[in-house]
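Colleague: I should be grateful for a close look at a single part of this model, namely the surroundings of the annotated active site. Please give the account in one connected piece.

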Amino acid sequence: MDVRPTPDAPLRVAIAGLGAIGLKVAQALDAGLPGLVLVAVAGRDAAKTAAQAATLRCAPAVLDAAALAEAADIVVDCAPSASFPALATSVVDAGRLFMTVNAGALLRHLGLVARAKTTGARIVVPTGALLGLDAVRAAAEGRIERVTMITRKPPGGLEGAPWLVEHGISLAGLTEAKCVFEGDAVEGARGFPANVNVAAALGLAGIGPERTRLQIWADPAVDRNVHTIEVEADSARFSLRIENVPSTENPRTGRITALSVIACLRGLTAPLRVGT
Ligand SMILES: NC(=O)C1=CN([C@@H]2O[C@H](COP(=O)(O)OP(=O)(O)OC[C@H]3O[C@@H](n4cnc5c(N)ncnc54)[C@H](O)[C@@H]3O)[C@@H](O)[C@H]2O)C=CC1
Ligand SMILES: O=C([O-])CC(=O)C(=O)O
């Protein structure tokens, strides 16, 4: 789809999920992002979503998630991963631009990419709580040998993850760092759907999620979500590290994630774009 607004016709944006990420994105759109206007929002609880929408000056419509694609040119998915398949399918089928933070869920529905080719939709995954996807994408134009990511989170931020439940791993009373997962990004994203969307995005940007190695540590000594990436390629070798401040609303989610989505939206229409 063409994402260029005209002065009298800004692109219409809808958001699914007004939580730690989505509400911040809604507020940024409400404060003004050039060429974009927030027209609709959807949440799990319509009354709560309507109350949130009422705090915004632009007064977006409150709709079911399934109706967002009809109301907007761009649908931003900031809802939990469980709602991804239905939402993503409706937006892709409508030929809209689908911006999602649920990179892990996208891995399990990669058929949507082929479908987007036929409908004219585009799927955009912001860098989110990570860094360096510009360099990883550039390196992937050459040959990458190895991509490794190590995630450390406070134990509370990992609690309840399916992988921990399935493997009977308890984090209660942990006094030293414990490696709770070692494998590829596909398995990691499945086992920790609310924790390592970043590894899924890294896999998609680089050598593929199956070849992207991942370790996840529960570390009582950290108070930030720390992600370290190491890339070995024929063009460069690099190591990157980000220490994310957990958001107040949802400590699993780094505060920078919402800012990444806002920057990604701004980049859709800006006359100057910097970075790959
Ligand atoms: N790509 C990345 O770097 C990152 C991705 N994430 C992912 O982003 C997603 C959102 O994260 P947060 O904002 O922290 O979550 P959150 O739990 O704070 O907010 C989610 C919101 O979606 C609403 N919701 C639930 N079901 C819904 C449905 N069917 N339709 C519309 N809204 C619905 C909830 O009521 C809540 O307001 C999560 O899946 C999370 O794993 C989180 C951090 C980083
Ligand atoms: O916020 C973070 O540090 C990463 C995260 O939750 C995710 O990738 O899902």
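Modeller: Helices, as the word is used here, are DSSP runs of H or I with at least four residues, strands are runs of E with at least two, and both are numbered from the N terminus. The model is a predicted one.

The account begins at the active site. An unreviewed UniProt entry gives the annotation "active site" to His227. This histidine is part of strand 10, which runs over residues 225-233. Histidine 227 counts as buried because its relative accessibility is 2%, and the limit for that term is under 20%. Its side chain makes a polar contact, at 2.9 Å, with the side chain of threonine 151. Apart from residues up to four places away in sequence, histidine 227 touches twelve positions in several parts of the numbering: Ala129, Leu130, Met149, Ile150, Thr151, Lys153, Asn195, Val198, Leu240, Arg241, Ile242 and Asn244.

His227 also leads to ligand 2. This ligand is surrounded by 13 residues, and His227 is among the closest, together with Asn197, Val198, Arg252 and Gly254. Oxygen atoms of ligand 2 take part in several short polar pairs. A polar side-chain atom of lysine 153 is 2.9 Å from one such oxygen. Valine 198 places a polar backbone atom 2.9 Å from an oxygen of ligand 2, and arginine 252 does so with a backbone N or O atom, also at 2.9 Å. On its own, ligand 2 has 260 Å² of accessible area, of which the protein covers 95%. Two elements give two or more residues to this shell, namely helix 11 (197-205) and strand 10. By class, the shell consists of four nonpolar, seven polar and two charged residues. Lysine 153 and valine 198 thus appear again, as both are touched by histidine 227.

Asparagine 225 also lies in strand 10. Asparagine 225 is buried, since its relative accessible area is 1%. Its side chain reaches the backbone oxygen of arginine 252 at 3.4 Å. The residues touched by asparagine 225, outside four places in sequence, include Arg152, Lys153, Pro154, Asn244, Arg252, Thr253 and Gly254. Arg252 and Gly254 are also among the residues closest to ligand 2.

Before this strand comes a loop, between strand 9 (212-218) and strand 10, in which aspartate 219 is found. Aspartate 219 is buried, because its relative accessible area is 8%. The side chain of aspartate 219 reaches the backbone nitrogen of alanine 221 at 2.8 Å. Beyond four places in sequence, aspartate 219 touches Arg152, Lys153, Pro154, Pro155 and Ala177. Arg152, Lys153 and Pro154 are likewise touched by asparagine 225.

Ligand 1 has some of these residues around it as well. There are 24 residues around this ligand, and those that come nearest are Val101, Asn102, Ala129, Asn250 and Thr253. Ala129 is touched by histidine 227, and Thr253 is touched by asparagine 225. Threonine 253 has a polar side-chain atom 2.6 Å from an oxygen atom of ligand 1. Backbone N or O atoms of two alanines also face oxygen atoms of this ligand: the distance is 2.8 Å for alanine 129 and 2.9 Å for alanine 20. The protein covers 84% of the 860 Å² of accessible area that ligand 1 has on its own. The shell around ligand 1 is made up of 12 nonpolar, 11 polar and one charged residues.

Alanine 103 belongs to helix 5 (residues 103-107). It is buried, because its relative accessibility is 1%. Apart from neighbours within four places in sequence, alanine 103 is in contact with Val125, Asn197, Ala200 and Ala201. Asn197 has already been named among the residues closest to ligand 2.

Two annotated domains complete the picture. The unreviewed UniProt entry lists residues 17-126 as "Aspartate/homoserine dehydrogenase NAD-binding". This span is 42% helix and 18% strand, and its end C-alpha atoms lie 16 Å apart. Residues 175-262 are listed by UniProt, again in an unreviewed entry, as the domain "Aspartate dehydrogenase". Over that span the chain is 26% helix and 35% strand, with the end C-alpha atoms 37 Å apart.

Methods: Residues numbered from 1 in each chain as written. Chains lettered and ligands numbered in written order. Predicted model: local features only at pLDDT ≥ 70, side-chain atom pairs only at ≥ 80, totals over all residues. Heavy atoms only, no water. UniProt positions renumbered as here; feature names shortened; annotations may be inferred. Buried < 20%, exposed > 50% of the residue type's maximum accessible area, 1.4 Å probe, protein only. Contact = heavy atoms within 4.5 Å. Polar contact = N/O pair within 3.5 Å; in protein donor to acceptor, adjacent residues only side chain to side chain. Near = heavy atom within 4 Å. Areas by Shrake-Rupley, 256 points an atom, 1.4 Å probe, with all protein chains shown as cover. Nonpolar A, V, L, I, M, F, W, Y, C, P; charged D, E, K, R; others polar.
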